[in-house]
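Hi,

Here is the structure I promised to pass on. Have a look at it first, and my notes follow underneath.

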Amino acid sequence: MNILFICSRNQWRSRTAESIFSESEDHIVRSAGTASSARIKVSEPIVLWADIIFCMEDSHKEILKQRFQVATRDARIIVLHIEDEYKYMNPELVEELLDATAPYF
């Protein structure tokens, strides 16, 4: 399964998620950001590539739906409701990501 994690700048939350879930042999994991300053910017090809998209906040989902209307029409997009208050690989962030995604893995 191809899994995409989205946050704003792709520095802390989505990058942490990519790091912890990329160790799985069952999934291919990528991450991207919605902001123009994102480390890796979300694009239509990566949205189309994903079988499931995990957004950290509702605003990320809305941005995806506005920018990529056709690509997101049938996309499976899940909002994890993880606020931007953690640094990369923060143990609390890792735990929150594991808990929030558990029903989908």
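A residue is called buried here when its relative accessible area is under 20%. Keep in mind that this is a predicted model.

Let's start with the cysteines. Cys 55 is buried, because its relative accessible area is 0%. Cys 7 is buried too, with a relative accessible area of 3%. So what about disulfides: how many turn up in the whole structure? Zero, as it happens. A disulfide is a covalent bond between the sulfur atoms of two cysteines. For a pair to count, the two sulfur atoms have to be within 2.5 Å. The cysteine sulfur closest to that of Cys 7 is in Cys 55, and the 9.8 Å between them is too far for a bond. Starting from Cys 55 gives the matching answer: its closest cysteine sulfur is in Cys 7, at 9.8 Å, so a bond is ruled out by distance.

Next door in the sequence is Met 56, which sits in the loop that runs between β3 (52-55) and α3 (58-67). Met 56 counts as buried, since its relative accessibility is 0%. There is also a contact across the sequence to look at: Met 56 and Asp 84 are 28 residues apart along the chain, and their C-alpha atoms are separated by 8.3 Å.

Now the backbone. Most residues other than glycine have a negative phi, so two places caught my eye. Asn 10 has a positive phi, near 55°. You'll find Asn 10 in the loop between β1 (2-7) and α1 (13-21), and it is buried, given a relative accessible area of 0%. The other is His 81, whose phi is positive as well, near 60°. His 81 belongs to the loop between β4 (77-79) and α5. Is that residue buried or partly exposed? At 48% relative accessibility, His 81 counts as partly exposed.

Last, the surface. Which residues form the negative patch? They are Glu 83, Glu 85, Glu 92, Glu 95 and Asp 99. Asp 99 lies in helix α5, which covers residues 91-101. Asp 99 counts as exposed because its relative accessibility is 54%, and the cut-off for exposed is over 50%.

That's what I have for now. Shout if you'd like to go through any of it together.

Cheers

Technical notes. Residues numbered from 1 in each chain as written. Predicted model: local features only at pLDDT ≥ 70, side-chain atom pairs only at ≥ 80, totals over all residues. Heavy atoms only, no water. Patch = residues over 30% accessible without salt bridge, like charges linked within 9 Å, V, L, I, M, F, W, Y side chains within 5 Å. Areas by Shrake-Rupley, 256 points an atom, 1.4 Å probe, with all protein chains shown as cover. Salt bridge = Lys/Arg side-chain N within 4 Å of Asp/Glu carboxyl O. Lys, Arg positive; Asp, Glu negative; His and termini not counted. Charge placed at Lys NZ, Arg CZ, Asp CG, Glu CD. Helix = DSSP H or I, 4+ residues; strand = E, 2+ residues; numbered from the N terminus. Buried < 20%, exposed > 50% of the residue type's maximum accessible area, 1.4 Å probe, protein only.
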